[in-house]
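Student: Could we go through this one together? I'd like to see how its parts fit.

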Number of protein chains: 2
Amino acid sequence: MSDLNDLKAFHGDAWALLERGVADRRSPARHPTFATVSPQGRPEARTVVLRAARRADAEIEVHSDTRAAKIAALEQTPHAAIHIWHPGHRLQIRLMTRVHVAGGASVKAKWDRVPDGSRTAYGAEPTPGTRIAEAGAYTHAPKLENFAVLTCAIEEMELLHLGDPHRRARFLREED
Amino acid sequence: MSDLNDLKAFHGDAWALLERGVADRRSPARHPTFATVSPQGRPEARTVVLRAARRADAEIEVHSDTRAAKIAALEQTPHAAIHIWHPGHRLQIRLMTRVHVAGGASVKAKWDRVPDGSRTAYGAEPTPGTRIAEAGAYTHAPKLENFAVLTCAIEEMELLHLGDPHRRARFLREED
């Protein structure tokens with residue numbers, strides 16, 4: 001990584017890791033933790049797959065089944081804390097985001113580019129998380145109507161490098 | 001891992017990974033993501049170090065500086081979602097917990113066992129997260145009064161194995 005006292009370079013390193021997460025299935029940035037507030041006001045967190053990282057717009061993209069608990073959470077509190085821990089670099093990336101959920105015709109072009117193998121994630125019956133009597137008691141029928149694109153506008157990015165000494169830097173959208 | 005159709009064995013595997021996270025600095029379970037709800041009702045997430053995993057009590061333990069944002073969050077919403085992604089096993093462990101924060105004389109015995117190198121984390125001035133004029137503009141003076149022990153009682157554990165096929169299992173405290 002760059003000289004961590006150079007804030008601009010530190011910020012650039014973090015974006016390079018995010019972009020690598022999109023391109024490389026083995027990168028630690030491939031699977032961020034996505035934290036939301038449930039309709040009951042409780043914290044929730046789960047693994048997601050990083051689908052896009054757009055530095056120019058300061059946003060990242062995640063896909064979801066429209067019936068997942070995170071969609072219900074985002075309807076009430078449209079914010080997600082996105083967290084990546086990169087063990088190799090001992091770097092923590094924290095993104096405080098505002099999330100816009102899109103579905104239906106507006107995401108048809110993206111749906112058409114989802115590989116068949118990944119599409120099965122959007123057709124499970126019953127809904128993922130439902131109790132079933134035994135393992136395997138569900139079917140798949142991929143449907144566009146179950147596909148949601150979550151655009152996460154980054155309001156704040158915090159980087160914490162757990163080297164010696166620790167380095168912490170915070171970047172706010174309003175300050176660019 | 002065990003036969004994932006055997007729920008008891010699946011549950012045992014997850015606890016074995018948690019226990020390994022306490023003992024082994026290189027285990028992915030060493031650094032869970034700890035998600036809370038901020039006093040403003042926003043999701044927050046950060047890396048923590050897993051300090052204990054007690055299967056018999058269904059609880060885990062994390063340490064914190066009393067001045068950290070997560071302590072303010074837990075005062076208002078005493079719940080944390082704890083999340084571990086184990087890339088090697090393709091296993092996601094999600095713990096929904098109720099958190100009890102203890103400090104002062106009641107945690108003196110644990111403080112006495114914190115190695116000197118780790119104690120420096122509890123004495124930074126100004127408080128971690130404060131804006132400083134330049135990197136390194138802070139000092140350390142470890143203090144027991146800054147040391148908090150967070151006991152996280154697991155109310156629900158969800159395991160998701162992203163193998164082929166996916167396996168998901170949920171365990172509730174009230175159902176043992």
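**Helix α2 and its surroundings**

Tutor: Let's start with helix α2 (residues 69-76) of chain A, where K70(A), I71(A), A73(A) and L74(A) are the buried residues. Buried means under 20% relative accessible area, exposed over 50%, partly exposed in between (1.4 Å probe, protein chains only). Helices (H or I, at least four residues) and strands (E, at least two) are DSSP runs, numbered from the N terminus. By the way, this is a predicted model: local features need pLDDT of at least 70, side-chain atom pairs count only at pLDDT 80 or more, and totals for chains, interfaces and linings use all residues. Side-chain values use heavy atoms, leaving out hydrogens and water, residues are numbered from 1 along each chain as its sequence is written, and chains are lettered from A and ligands numbered from 1 in the order in which they are written.

Student: What arc do the buried residues of α2(A) cover around the axis?

Tutor: The arc is taken from the directions from the helix axis to the C-beta atoms. An α-helix has 3.6 residues a turn, so residues three or four places apart point the same way. The buried ones sit on the same side of α2(A), because their arc is only 160°.

Student: Which residues are exposed on the other side of α2(A)?

Tutor: Turn to the side facing away from the buried set. The exposed ones there are E75(A) and Q76(A).

Student: Where is R131(A) in chain A, buried or exposed?

Tutor: R131(A) has a relative accessible area of 65%, so it counts as exposed. Its place is in the loop between β7 (124-125) and β8 (139-140) of chain A.
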